[in-house]
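Reader: Hello! I am new to this structure and would love a close look at one part of it. Could you walk me slowly through some of its aromatic rings and what surrounds them?

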Amino acid sequence: MKKKRRLALRTIILTVLLAAIFYTLYANLTKDTRKTAAVGEEAPDFVLKDLEGNEHRLSDYRGKGVFLNFWGTWCKPCKTEMPYMENQYQQYKDQGVEIIAVNAGETNLAIETFAKQYQLSFPIVVDHTGEVQKAYGIYPLPATFLISPDGKIVDYIEQSLTEDMIKNYMERIKP
Amino acid sequence: MEKVKCECGHINPHGTILCEACGKILDEKMNQNELLDMRYEGSARRSQTYNKTIIDKVWNFFSSVKVGVTLIVVTLIASIIGTVLPQEGNLSIQIPVNQYYEERYGWFGKIYYTLGFHDLYGSWWYLLLIASIGVSLVICSLDRVIPLYKALKNQKVTRNSGFLKRQRLYSEKQIDNTVGDIEIVKERLTKKRYNVMEENGNLLAEKGRFSRWGPYINHIGLIIFLIGAMLRFAPGFYVNEALWIKEGDTLAIPGTNKEYYLTNHQFILELYDESDGEVYKEALNQKGGVVKNYQSNITLYKAEESLPGEKPKLHKLEDYQIQVNKPLKFDQYAIYQSSYRLNEIAKMTFSLTDKESGQTFGDITIDLTNPEENYDLGNGYHVELMSYFPDFQIVDGEPSTKSSKPVNPAFAFKMVTPDKPQGEVSFAAIQQTIEPMGENKYKMTFKSVDTVNYSGLTVRKDLTLPIIALGGVIFLIGVAQGSFWYHRRIWLKQENGVILLAGHTNKNWYGFAKEIETIVHGTKIPVPVDQTLLKEKKAMEGQGGKSVG
């Protein structure tokens, strides 16, 4: 009887201690990524201005698939994939897929020059404060999020894209 | 496990070495010793007796003091290794951290990074070590304090003679009439604040049992301290962020979830000079500049809720001058002046110049963080900024930028003048000019730079401090309790006309022996002998004899 009580007591104490340790470990290991976007979850909403000063709010694109690309003019793979994105944008913009290209906070001049050079027609918005990059947990560029018409993150790609891949992704988020 | 019944009638838990009530030796091995091991009163430490289920095994592992000490030593060694290379948090580097350690320190740096030494307090195995020490503290304490408490609570006045004989302080003597002497001793004991209990002419005098709980109170303090440290990882309890803010900028205060914003109006660096008085003269001559004040003039705002990227509506709360040791405090946050950067390039001014005559036709000033595209100088003179590379580099023969920070700016200008309506193109980087379309008539002459200062601020919030302070206070109470009080017990037993006197204390045996001496002074009751000292003396004499012989 007493032995049973002792075992129960020991189990409870050890469980409490273990729970505390696991919580601490979990909280510590996820402290940098706690709020960042994850596949399957709702894409964090944001509001950014494009070069003309128009506001783009992600949630306004509900009902459309959103190909959310983070880029910078200094990033070489970004340059490679931009023309592919432009090509596919022409194919899919009438099928309900939108591209939003989030620049990592450069000058309007640099972005304009770049957009002119590659003849980009999709909206380019600028994340001057880095808040959106933080919310999406962006570190290396380029990074691409596929967002479904109901606002969920379908996939996250952290590499340079080929035109075939982009086409594939567009198919996946087509409404 | 069966209980052990002592001849005095007390029933002891299995594994008991000395009967909790009368002190009779229950473990036969101990019978051969001359003196008793009085640790934990010879009680049954549970860990050593129950070892059946996995729970018991884990429990017993952590109950071992050896394991606890090993954990502490391993943690110390890890902490020492963590000081060999700089910690990640103290670095300000542009490249990814994993690359940095390998590039800077070679294979050692790579291993260092891989094992998590670069962020020691954040690495999972270090946290596990600290947590294990915490678990060890809890279990070691529980496993010892409960049996000790029971043994001290169950102790009887009349002790087994074998128990008394094996105490460090002991004496015995045949005495006929003891009544008067015992009364004197009782009175003196009470005067010395002993708690005296009597049973069939036997005495137990005890004081300072409280001192025995010192180490455990101490451990409780440590555990509260660890809980406080653990809470730092819980959201909302702890913020420690750096904020670099340029003069004129308004930024969200990190760690506040965009709830508060800050404008930096000016960073001020003041030096002592002659006007501060003669006393400084010598120091100034020796040292050159001595800083008097670091200050950021700021305005604090509360922001309405906003999405990432969105600029919220701000409501001004206050203007403040943050100085060293004079942080801005609001809500539960404090913002400290911790660093600065002076004279960062913000704007560059160029003059449109005729190369031959040296005549200038006006200046253009380029804001490096937000340059304009066209600069009209009037009279048909006009400069177009064709491209701008904040951090200029040439890759595969093509100009590009390494990052978006204006570290090494370069510009491509198109200079349109009345005599060159098509415009001439000039590429200007620091200390070099390229004219890609052939020799130009005009050039952009570098004239001046405008600089701007940055304030380096630290944002801090720490709700765990009261908990950590409480842990510290309890820790010190435990230390005081165990250090400044003594647990002393004196047993006096009458058996067949023989008086047995024994004493036990947890420290300061010399003082204790002196105290007993004054208590029995002038009575027929014998002064106890320190059996440990006696043994040591004998051993020394034996050795001495040998060496002489």
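Author: B:Phe62 has a relative accessibility of 16%, so this residue counts as buried, the cut-off being under 20%. Please keep in mind that the model is a predicted one. Right beside it in the sequence is B:Phe61, and here the value is 46%, so B:Phe61 counts as partly exposed. The two rings make an aromatic pair: B:Phe61 and B:Phe62 meet edge-to-face, with 5.2 Å from centre to centre and 80 degrees between the planes. This is one of the 38 aromatic pairs counted over all chains.

Now turn to another pair in chain B. B:Phe267 and B:Tyr340 are stacked, with 15 degrees between their planes and 5.2 Å between their centres. This pair links distant parts of the chain, as its members are 73 residues apart. B:Phe267 belongs to strand E8 (residues 260-271) of chain B, while B:Tyr340 belongs to strand E12 (residues 333-354) of chain B. How exposed are the two? B:Phe267 has 3% relative accessibility and therefore counts as buried, whereas B:Tyr340, at 30%, counts as partly exposed.

Rings also join up in a cluster. Ring pairs link a set of residues in chain B, among them B:Tyr100, B:Trp107, B:Phe117 and B:Tyr126.

While you are in chain B, have a look at one of its sheets. Five strands form an open sheet in the order E14-E15-E18-E19-E20, with antiparallel pairing. Strand E14 (374-378) and strand E20 (432-434) of chain B are at the edges with a single partner strand each, so one side of each has no neighbour in the sheet. On average, neighbouring strands in this sheet are turned by 25 degrees against each other, direction ignored. Within the sheet, strand E18 (residues 410-417) and strand E19 (residues 420-429) of chain B pair in the antiparallel sense over 7 bridges. An aromatic residue takes part here too: B:Phe427 in E19(B) is the bridge partner of B:Ala412.

Chain A has aromatic residues worth a visit as well. The largest nonpolar core has 48 residues, and those with the most contacts inside it include A:Phe67, A:Phe70, A:Phe122, A:Tyr136 and A:Phe145. Take A:Phe122: leaving aside neighbours within four places in sequence, this residue is in contact with A:Met82, A:Met85, A:Glu86, A:Tyr89, A:Ile99 and A:Ala101. The domain assignment splits chain A into domain 1 (1-31) and domain 2 (47-173), and the C-alpha centres of these two domains lie 46 Å apart.

Notes: Residues are numbered from 1 along each chain as its sequence is written. Chains are lettered from A and ligands numbered from 1 in the order in which they are written. This is a predicted model: local features need pLDDT of at least 70, side-chain atom pairs count only at pLDDT 80 or more; totals for chains, interfaces and linings use all residues. Side-chain values use heavy atoms; hydrogens and water are left out. A nonpolar core is a set of buried Ala, Val, Leu, Ile, Met, Phe, Trp, Tyr and Cys residues joined through side-chain atoms within 4.5 Å. Buried means under 20% relative accessible area, exposed over 50%, partly exposed in between (1.4 Å probe, protein chains only). Contact means heavy atoms within 4.5 Å. Domain bounds come from an automatic or database domain assignment. Two strands pair if DSSP finds at least two bridges between them. Helices (H or I, at least four residues) and strands (E, at least two) are DSSP runs, numbered from the N terminus. Axes are lines fitted to C-alpha atoms, for helices over the stretch in contact, and angles run from 0 to 180 degrees between N-to-C directions. Rings of Phe, Tyr and Trp (its six-membered ring) pair if their centres lie within 6.5 Å; planes under 30 degrees apart count as stacked, over 60 as edge-to-face and the rest as tilted.
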